[in-house]
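Please take a moment to look over the sequence and the model shown here, and then follow the description from the overall fold to the interior.

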Amino acid sequence: MTFDLGFIFQVILTVIRYVPITLYMAVVSLIIGGALGLVVALIRFYQVTVLSPMIGTVITILKGVPLILVFLVIFLITSQNFNSIAKAIGLQIKYGDLPMSLLAIIGLSLMAMVGLSEAFRGAFESVKTVQFDVARSLGMTRLQTIRRVLIPQAFPVAFPMIVNMLINLIKGTAIASLVSVVEIFSAATQSASSNYKYFEAYIAAAVVYWLMTILIEQAVHRFELKFAKKWKGHAHD
């Protein structure tokens, strides 16, 4: 079978239409996982009694489990138990009514939570102890210290890892094809189902992922240049 360059371009034009759903799942997962990861990082950073070691154990377990396995566990638990749980709490909704992209978002959010909790915790460690001493001397509560001192100074450190997580989530959306959600990877695979030119289809998908990554990195680079002086100035305050 000859290599079909024209088919690659054809598939690229097809899968581009599914970039929005891919970005939607990745961005929503980043927001949910980032929020959860921030809470987890704060609990572990301040070593909250009972919660900190429990959460540390859960994070360690999740770090050692492949994303696809996490997703399959979520799918099996949800498909087998959702209807009975929904009925028990009075929800007029069935498993079949759920958007399948929701399952992918849950799995990806867990992935983001694990990665970003470690990123935030490392960023928190980079904040100098004297900053906390100053906050206490000014009479700040712990919540005020977190909001005004810890997060503003840790965010620039964690920002590159947040962007890297977004890129990983975009690539991770391919797991949604397991429950028939059509995104970039599954659209490319379906395009080759009639002529079996899967090699060209995979190349096309890779090109689209690569272009998305390049665009994100360029946008982030401009953002960093724009706010670099502000971040540095804040760090010296």
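From the N terminus on, the elements of the chain run α-α-α-α-α-α-α-α-α, that is, nine helices and zero strands, where helices (H or I, at least four residues) and strands (E, at least two) are DSSP runs numbered from the N terminus. This is a predicted model, in which local features need pLDDT of at least 70 and side-chain atom pairs count only at pLDDT 80 or more, while totals for chains, interfaces and linings use all residues. Residues are numbered from 1 along each chain as its sequence is written, and side-chain values use heavy atoms, with hydrogens and water left out.

Taken along the principal axes, the C-alpha atoms of the chain fill a box of roughly 70 × 50 × 30 Å. Of the 237 residues, 38% count as buried, meaning under 20% relative accessible area with a 1.4 Å probe, protein chains only.

Turning to the interior, the largest nonpolar core has 56 residues, and F124, L150 and I184 touch the most other members; such a core is a set of buried Ala, Val, Leu, Ile, Met, Phe, Trp, Tyr and Cys residues joined through side-chain atoms within 4.5 Å. Several helices each supply at least two residues of this core, including α1 (5-15), α2 (19-45) and α9 (198-236), and the largest share, twelve residues, comes from α7. Apart from this core lies another, of six residues, among them V40, I43, M113 and V114.

Leaving out residues up to four places away in sequence, I184 touches V15, Y18, V19, T22, A205, V208, Y209 and M212, a contact being heavy atoms within 4.5 Å.

Technical notes:
Buried means under 20% relative accessible area, exposed over 50%, partly exposed in between (1.4 Å probe, protein chains only).
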